[in-house]
Amino acid sequence: MDGSAAPEVRSTCPYCGVGCGVLLRPDGAGGLTVRGDPDHPANRGRLCSKGSALGETVGLERRLLAPLIGGQTADWETALQLVADGFNQAIDQHGPDSVAFYVSGQLLTEDYYIANKLMKGFIGSANIDTNSRLCMASTVAGHRRAFGTDTVPGTYDDIEEADLVVLVGSNLAWCHPVLYQRLLAARKARGTRIVVIDPRRTASCDGADLHLALEPGSDVALFNRLFAEIYEAGAIDAAFLLNTEGFDDTLRQAWCNGVEATGLSPEEVAEFCRLWICTEKVVTIFSQGVNQSTSGTDKVNAIINCHLATGRIGRPGMGPFSVTGQPNAMGGREVGGLANMLACHLELENPDHRAAVRGFWDAPAMPEAAGLKAVDMFRAVADGRIKALWIIHTNPAVTLPEADAVREAIARCPFTVVSDVSATTDTARLADVVLPAAAWGEKDGTVTNSDRTISRQRAILPPPGLARPDWAILAEVGQRMGWRRAFDYQTPAEIFREYAALSGVAGRFGRDFDISGLSDIDDTAYAALPPTRWPVTAARSGGRFFGDGRFFHDDGKARLLPVAPRAPAARTEPRYPFRLNTGRVRDQWHTMTRTGLSPRLSAHLAEPFLEIHPEDALRLGLAPADLAELTSPTGRAILRVRITDAVRPGQVFAPMHWTAETAPSARIDALVAAATDPVSGQPESKAAVVAVAPF
Ligand code: SF4
């Protein structure tokens, strides 16, 4: 076939939460040509290295082509019945809370919807959590505390309309590259000032006016000081403050703390406060350096406090802005993929919300309490409370903190099912049943990006072998478990219509997430759905939230939260004197299931490494390219040394992408203790303590 003759298909990149539009065309040799979609509002034709290499990653290498039972190929009929029977048996013998789903921001919204409906409405447990717990849970909790709902106030356009952009715990240049390109273009056009707040000097600092290399975990102290300085400078927006509660307590708390814990000089703090206070159009972007912390929720609220006090929210070029890690972390939040949420931003603990969802689904059961969040879920697997576990498109045996213990827990679980595109991941190797899932490029559905834009992922390649879409696998299991009518879906469009209609129920409760304007979308319109920012109702479409001073707490007001600084849970000590920061590299994604297939991407940084300051390297006798052994209270790793003053003395950095399959000695999350934020349950992945020695 002549690939150039085929029409281009519009879809969405499957990597980060920027959610770039892509134009795909079969290349005639089993692959795809890929270019940025000039009409997609997220990227307007731009792509980063990962997105532009997508065409190199659609081959069949490592693909699972048929169900596996005990490592042996099986047919779907046998595998699906075994899964349904395994879950039903556990529920019959031990109750609904003896089973759990651990799902992923890689799922499409339609997949997520079915998984959530099956667990929360029909099995009757809230034991469904997503790997977005490791990514965005602190933002969700911070938004809900401040606004009453998990609402992203602004849009990507705000980044281009701001005069000051502050990046907090965000290496935007590597982790959300197209947004960074948009920021640099805005800087060129209008002179946008950029401040980076990060213990490490990252690529994002290259274009910054100011880099504040604060001590890990001290963000609350810095933003509390900013809050106090805003007051001292008379920069409070008194009129907007009428839309909030909690100002006096927040100011008292802000006055209480000093900034010594930040490790920054008084001049650096003063310069940051001056810039922020004197610039009306300010966007504060935050990401994993804020979220992945035992004080992550407080950090989020410390940032939001400053925007609320100045009324700099929901107006062009102003606002706190969380950028999500995964392509559909937002869709998962919206659809209720977290163990403490219902679908459509409804509240699990609210009896009226529960009754409404139960009635909508005609569901036989609905849990009344939150289920197990990710870290607790795997603790429950370890201590035998979970008897049947379904892990979908994620690799917790590598990516959860204390990964060695998680691996052992999964291995001991009486019945584990994994749905994935590969059977060779660390987690899939431990499963009793592995189900072949359709991959990006082979499946149809929707995703939501960081600025609430819903985009279509479209199938352009046939699923190989016996692979099936996740929604179809989940619905089939739901039917075999006994709920034939409730899970009788033929297409993702049908699921999307039901989901949109359910959001209308949420809208009646005055919730933010309402796409009921799409509930009667027909198959043709769903197929052609252009990028659409929610809400989508008869009354409004897209836009910003909160500029009008109306929030989603019962009294319509926002909450300022008095938050006190807290150090990371793990303390350095003579045995573990280094603070370990973890993160991504520019050209890899998660555990490299897809990006690892591209030679071009793998050439950027080909092997795992440890960044260490020259003074520490000298003291330990480490030379460039030496191997270093890292030990922590929970694990061990061996990494190639890169000596750089991008990290400060006493701190080291290591990327988290490598697995038992790709670099057995470099499973970084084995070193990270499973300490979590008390509000969000998000683990502290960026402040482990380790010893470093020559290997
Ligand atoms: Fe894909 Fe993110 Fe790169 Fe856009 S910025 S092409 S969504 S990885």
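Guide: Two strands count as paired if DSSP finds at least two bridges between them. The structure discussed here is a predicted model.

Visitor: What makes strand 2 and strand 3 a pair?

Guide: Strand 2, residues 21–26, is joined to strand 3 by 5 bridges. Since the definition asks for at least two, the two strands qualify as paired, and they run antiparallel. Within this pairing, P26 stands opposite L32 of strand 3.

Visitor: Why are strand 1 and strand 3 said to stand at the edges?

Guide: The sheet is open, with 3 strands in the order 1-2-3 and antiparallel pairing. Strand 1 (9–12) and strand 3 (32–36) each have a single partner strand, so one side of each lacks a neighbour in the sheet. From one strand to the next, the twist averages 35 degrees.

Visitor: Which UniProt feature is listed for residues 6–62?

Guide: An unreviewed UniProt entry lists "domain: 4Fe-4S Mo/W bis-MGD-type" for residues 6–62. Over residues 6–62, the chain is 7% helix and 26% strand, with the end C-alpha atoms 27 Å apart.

Visitor: How do you know that strand 25 is largely enclosed by the rest of the structure?

Guide: A residue is called buried if 20 or more other C-beta atoms lie within 10 Å of its own. In strand 25, residues 651–655, 5 of the 5 residues are buried, and the strand is therefore largely enclosed by the rest of the structure. Both faces are covered: Q651, F653 and P655 are buried on one side, and V652 and A654 on the other.

Visitor: What makes strand 21 and strand 22 partners of strand 25?

Guide: Strand 21 (residues 578–583) pairs with strand 25 in the parallel sense over 5 bridges. Strand 22 (residues 609–612) runs antiparallel to strand 25 and is joined to strand 25 by 2 bridges, which satisfies the requirement of at least two. V652 of strand 25 stands opposite L580, and V652 is also the bridge partner of I612.

Visitor: How do you know that the span of helix 7 agrees with the expected value?

Guide: The expected span is 1.5 Å times one less than the number of residues. For the 14 residues of helix 7 (residues 177–190) this gives 20 Å, and the end C-alpha atoms are 20 Å apart, so the values agree. Just after helix 7, G191 takes a positive phi of about 75 degrees.

Visitor: Which residues of helix 7 are buried, and what do the buried residues pack against?

Guide: P177, V178, L179, Y180, R182, L183 and A186 are buried in helix 7. The buried residues of helix 7 pack against helix 5 (156–161), strand 8 (164–168), helix 6 (172–175) and strand 9 (193–197).

How values were computed
Residues numbered from 1 in each chain as written. Predicted model: local features only at pLDDT ≥ 70, side-chain atom pairs only at ≥ 80, totals over all residues. Helix = DSSP H or I, 4+ residues; strand = E, 2+ residues; numbered from the N terminus. Axes fitted to C-alpha atoms, helices over the stretch in contact; angles between N-to-C directions. Buried ≥ 20, exposed ≤ 12 C-beta atoms within 10 Å, placed from the backbone. Contact = placed C-beta atoms within 7 Å. UniProt positions renumbered as here; feature names shortened; annotations may be inferred.
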